[in-house]
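Colleague: I am new to this structure. Can you walk me through it with short answers?

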Amino acid sequence: MVETRIAPRVRVMKPAKIDYGGDKYPCIVRDISSTGAALDFSELIRIPNEFTLILPDDKLKLPCRVVWRKEFRLGVVFDL
């Protein structure tokens with residue numbers, strides 16, 4: 001398979017939350033780069049196309065846009 005990402009991703013298992021409209025939902029960051037990330041969810045929830053990713057351990061809040069979706073995982077690009 002040909003790698004098409006702009007920046008290489010690093011595999012991680014970081015707890016995070018997504019925030020949209022004041023609602024916060026837990027997730028796990030499975031891989032991350034300077035341009036985006038893959039997120040895992042423990043349950044099926046309706047996730048909008050744009051939200052803020054909160055990484056409490058790193059004290060980061062990153063605006064995101066969804067670029068792909070699977071059942072319990074999605075990929076985002078950071079809108080920095």
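Colleague: Among contacts in the protein chain between residues at least 6 apart in sequence, what percentage join residues at least 24 apart?

Modeller: Keep in mind that this is a predicted model. Take the contacts between residues at least 6 apart in sequence. The part of them that joins residues at least 24 apart is 42%.

Colleague: Which pattern does the protein chain follow along the sequence?

Modeller: The chain has zero helices. It has six strands. Read along the sequence, that gives β-β-β-β-β-β.

Colleague: What is the radius of gyration of the protein chain, and how does it relate to the globule rule?

Modeller: For 80 residues the globule rule gives 12 Å. The chain comes close to that value, so it is as compact as a globular protein of that length. Its radius of gyration is 12 Å.

Colleague: What share of the residues in the protein chain is buried?

Modeller: A residue counts as buried under 20% relative accessible area. The protein chain has 80 residues. The buried share is 36%.

Colleague: How many salt bridges does a search of the whole structure find?

Modeller: Side chains of opposite charge can pair when their charged atoms come close. Here the cut-off is 4 Å between nitrogen and carboxyl oxygen. One pair is D19 with K24, whose closest N and O atoms are 3.7 Å apart. The search of the whole structure finds five.

Colleague: How many residues apart in sequence are the parts that D58 and K14 tie together?

Modeller: The side chains of D58 and K14 meet in a salt bridge, 2.8 Å from N to O. D58 lies in the loop between β4 and β5, and K14 in strand β1, so the pair ties together parts far along the chain from each other by a count of 44 residues.

Colleague: Is D58 buried, partly exposed or exposed?

Modeller: Partly exposed covers the range between under 20% and over 50%. The relative accessible area of D58 is 35%. K14 has 25% and is partly exposed. D58 is partly exposed.

Colleague: Which residue forms a salt bridge with R65?

Modeller: The N to O distance in this bridge is 3.6 Å. R65 lies in strand β5 and its partner in the segment after β6, so the pair ties together parts that are 14 residues apart in sequence. The partner is D79.

Colleague: Which residues are linked in a network of salt bridges?

Modeller: This network is built from salt bridges. Its members are R30, D40 and R73.

Methods
Residues numbered from 1 in each chain as written. Predicted model: local features only at pLDDT ≥ 70, side-chain atom pairs only at ≥ 80, totals over all residues. Heavy atoms only, no water. Helix = DSSP H or I, 4+ residues; strand = E, 2+ residues; numbered from the N terminus. Buried < 20%, exposed > 50% of the residue type's maximum accessible area, 1.4 Å probe, protein only. Rg over C-alpha atoms; globule rule 2.2 N^0.38 Å. Contact = heavy atoms within 4.5 Å.
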